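Colleague: I should like to examine how the terms applied to this model are justified. May we take them one at a time?

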Amino acid sequence: MPPTCDLLNYYKVQAIIDKASQEAQRPKNAISLIAVSKHFNQQAILPLLKAGHRAFGENKVQEAAAKWPALRTQFPDLRLHLIGALQSNKAAQAVQIFDVIHTLDRPKIAQALAKEMQRQGRYLPCFIEINCGREPQKAGINPEELGEFLHYCRIKCGLNIIGLMTIPPAHHNPGPYFALCQSLGKKYGLEHLSMGMSNDFPEAITFGASFVRVGSAIFGPRSPGHQN
Ligand SMILES: *Cc1c(COP(=O)(O)O)cnc(C)c1O
């Protein structure tokens, strides 16, 4: 496991969020920081919890299931965000462990989640993931399909859709992609935007991000071979 998290990095990220929100003339409490703790163990996560941080992101159901239930008994008010791809056979466990889903990207997953939420009586807020760069290998629905998919999720499945999530193509200026998501959010009246990672969260804030998902800038680099 990588070395434990240095709170200094966490406070630096907070300061950058404050500055970016000021420059964008947005109240700083309009932006929630999700600390992405994938590949880091409980020792790395505990200092943040002890410092009062409560929002964390994981990209794998299995890994989250191993780490978080014990932490949750100590910190019952923490909020765990699923930010990675979800398989429908893991929907039950995902609904049990997580509090927010950021990666709703196809009807099959919408159905599986809706069924489990009803069964467990846990109605988690969800983000629809947008493939803003239309990359064939990437998850997310294409921008022009959003209207139909949103309708499906809400009307057919009864899901609580609160916003859009996106990851811009690597090695591109992220601005136009963030702007695209911002305009889609406005068009469909969606309140939240989950966008911005360690290398682009200040820009994401400029374009209206309300949740930024920051991993390595807080916890340090992840071990090689585990970059996702
Ligand atoms: C890993 C990950 C992040 C955090 O990435 P960093 O570059 O380490 O900040 C954010 N969002 C998603 C979907 C991720 O998988």
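Colleague: Which residues touch the most other members of the largest nonpolar core?

Modeller: The model is predicted. In the largest nonpolar core, which has 64 residues, Leu104 and Ile128 touch the most other members. Helix α5, residues 107-120, supplies the largest share of this core, six residues.

Colleague: What makes Ile34, Val100, Phe127 and Phe211 members of a core?

Modeller: Core members must be buried and joined through side-chain atoms within 4.5 Å. Ile34, Val100, Phe127 and Phe211 are included in a second, separate core of six residues.

Colleague: With which residues is isoleucine 128 in contact, leaving aside its neighbours within four places in sequence?

Modeller: Contact requires heavy atoms within 4.5 Å. Among the partners of isoleucine 128 are Leu104, Ile141, Phe149, Cys153 and Met165. Met165 also belongs to the residues surrounding the ligand, as do Val36, Lys38 and Arg222.

Colleague: Why is the pair formed by serine 198 and the ligand called a polar contact?

Modeller: The cut-off for N or O atoms is 3.5 Å. A polar side-chain atom of serine 198 lies 2.5 Å from a ligand oxygen atom, so the pair qualifies. Arginine 213 places a polar side-chain atom 2.9 Å from a ligand nitrogen atom, and a polar backbone atom of serine 216 is 2.8 Å from a ligand oxygen atom; both distances therefore also satisfy the limit.

Colleague: How much of the ligand's area does the protein bury?

Modeller: The ligand taken alone exposes 390 Å², of which the protein buries 91%. The surrounding shell comprises six nonpolar, three polar and three charged residues.

Conventions. Residues are numbered from 1 along each chain as its sequence is written. This is a predicted model: local features need pLDDT of at least 70, side-chain atom pairs count only at pLDDT 80 or more; totals for chains, interfaces and linings use all residues. Side-chain values use heavy atoms; hydrogens and water are left out. Buried means under 20% relative accessible area, exposed over 50%, partly exposed in between (1.4 Å probe, protein chains only). Helices (H or I, at least four residues) and strands (E, at least two) are DSSP runs, numbered from the N terminus. A residue is near a molecule or strand if one of its heavy atoms lies within 4 Å of it. A polar contact is a pair of N or O atoms within 3.5 Å; within protein, one must be able to donate a hydrogen and the other to accept it, and residues adjacent in sequence count only if both atoms are side-chain atoms. Accessible areas come from the Shrake-Rupley method with a 1.4 Å probe; for residues, only the protein chains shown count as cover. Ala, Val, Leu, Ile, Met, Phe, Trp, Tyr, Cys and Pro count as nonpolar, Asp, Glu, Lys and Arg as charged, and the others, Gly among them, as polar.
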